[in-house]
Amino acid sequence: MQRYQHTVAGEARCKGVGLHSGREVELSIKPAPPNHGIRFSRIDLPNRPTICAIFKNVVDTSLATVIGGEGAIVSTIEHLMSSFAGLGVDNALVEINSYELPILDGSAAPFARMITEAGLKEQDSPRYYFMVRQPIQLAENGRSVTIYPDEQARVTCNIDFPHPAMGKQTVSITLSGNAFEEDICRARTFGFLHELEFMKQCGLAKGGTLDNAIVLDEEKVINEEGLRFEDEFARHKLLDCLGDFSLLGIPILGHIVTHKSGHAFNHAFLEKFFQEKDCWETTTLIAREKAVMQA
């Protein structure tokens, strides 16, 4: 866990195709000062509207996480946001020349790689955390998100799909060391062939291919290379969860446990989390260490 805030040490760039738009898009990540947070700037629009990546700015979660503000939107931010959260980047300016981030290979690995290649820079401001004091839960129709007190930042995701190649899977990770890079970031988004065909008929998923998603027919994975992990589906859900929960603005010290959740349900939980102010407090590791020494 980090005592101080971090930004990228230098600029990082990539380009690719948007999953739904099919448009070529260029993206750059630039250093930002302490307490700036993660912000997206639409440099293709007049006055370059800038949107802070925080849950109050979420405007859609039907197919991806979409934020909006100043008359603009930025879509499909979850994989990049997961990379920022997993690698410990608190402050960055993301410049993009379209409304949708590139899907790249369908995972967070390309984003994580460009961030690590740019390097991280420690800043002179302490990093704040939400320290969970009491459990908080949102449950509905067999889905749930619960967060428990914990001294570490931990996430556990449970999925249950009635498909022979998926079924029930559980993955749990403590966000420390190289866990994100080794165990999570390479897990790809997934979908079903009939859904992909339907979305294309509706003018969506124009950029979706077997090169940027795991695709399943009624019985199996149809990608020739197969899976990167035996439980890649659950790992990708955990990846998405990290991205969605990063929209709280500061990281959580607690154990997040999800069951059959997705972007919309994760966002609903974030709203409940902020309503339960008696269940958490904001603190820094420096303040915690001083309190322990004085006790």
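Student: How does the lining of the second largest cavity divide by class?

Tutor: This is a predicted model. In it, the lining of the second largest cavity has 3 nonpolar, 5 polar and 1 charged residues.

Student: How is empty space found?

Tutor: Roll a probe the size of a water molecule over the atoms, and it shows where empty space is left. Here the second largest cavity holds about 40 Å³ of space.

Student: Which residues line the second largest cavity?

Tutor: Find Val58, Thr61 and Thr65, which are among them. Then add Asp244, Leu247, His263, Asn266, His267 and Leu270. Helix 6 gives the most to this lining, with 4 residues.

Student: How many cavities of 30 Å³ or more are there?

Tutor: The count comes to 3. The largest cavity has a volume of about 60 Å³.

Student: What lines the largest cavity?

Tutor: Start with Cys157, Asn158 and Ile159. Lys237, Asp240 and Cys241 also line the largest cavity. Thr258, Ser261, Gly262 and Asn266 complete the list. Two elements give two or more residues to this lining: strand 14 (153–161) and helix 5. By class, the lining of the largest cavity has 3 nonpolar, 5 polar and 2 charged residues.

Student: Now the helices. How are two packed helices described?

Tutor: Use two values: the angle between their axes and the distance between the axes. Take helix 5, residues 232–245, and helix 6, residues 263–275. They pack at about 35°, and their axes are 10 Å apart.

Student: Is the crossing of helix 5 and helix 6 left-handed or right-handed?

Tutor: The crossing is right-handed.

Student: Which residues in helix 5 meet helix 6?

Tutor: Asp240, Cys241, Asp244 and Phe245 come from helix 5. On the helix 6 side, look for His263, Asn266, Phe269 and Leu270. The residues of this contact divide into 4 nonpolar, 2 polar and 2 charged. Some names return. Asn266 is in this contact, in the lining of the largest cavity and in that of the second largest.

Student: Last topic: rings. How many aromatic pairs are in the whole structure?

Tutor: A search finds 12.

Student: Why is the pair of Phe130 and Phe273 edge-to-face?

Tutor: Check the planes. Planes over 60 degrees apart count as edge-to-face. The planes of Phe130 and Phe273 are at 80°, so the pair is edge-to-face. The ring centres are 5.3 Å apart.

Student: Where are Phe130 and Phe273 in the chain?

Tutor: Phe130 is in strand 11, residues 128–132, and Phe273 is in helix 6. They are 143 residues apart, and the pair links distant parts of the chain.

Key. Residues are numbered from 1 along each chain as its sequence is written. This is a predicted model: local features need pLDDT of at least 70, side-chain atom pairs count only at pLDDT 80 or more; totals for chains, interfaces and linings use all residues. Side-chain values use heavy atoms; hydrogens and water are left out. Axes are lines fitted to C-alpha atoms, for helices over the stretch in contact, and angles run from 0 to 180 degrees between N-to-C directions. A crossing is left-handed if the near helix is turned anticlockwise from the far one by less than a right angle, and right-handed if clockwise. Contact means heavy atoms within 4.5 Å. Ala, Val, Leu, Ile, Met, Phe, Trp, Tyr, Cys and Pro count as nonpolar, Asp, Glu, Lys and Arg as charged, and the others, Gly among them, as polar. On a 1 Å grid over the protein atoms alone, a cavity is a set of points where a 1.4 Å probe fits but cannot get out, and a pocket is an open set with protein on both sides within 12 Å along at least five of seven lines; lining residues have an atom within 4 Å of a point. Grid points are joined across faces, edges and corners, and a volume is the space filled by probe spheres set on the points. Rings of Phe, Tyr and Trp (its six-membered ring) pair if their centres lie within 6.5 Å; planes under 30 degrees apart count as stacked, over 60 as edge-to-face and the rest as tilted.
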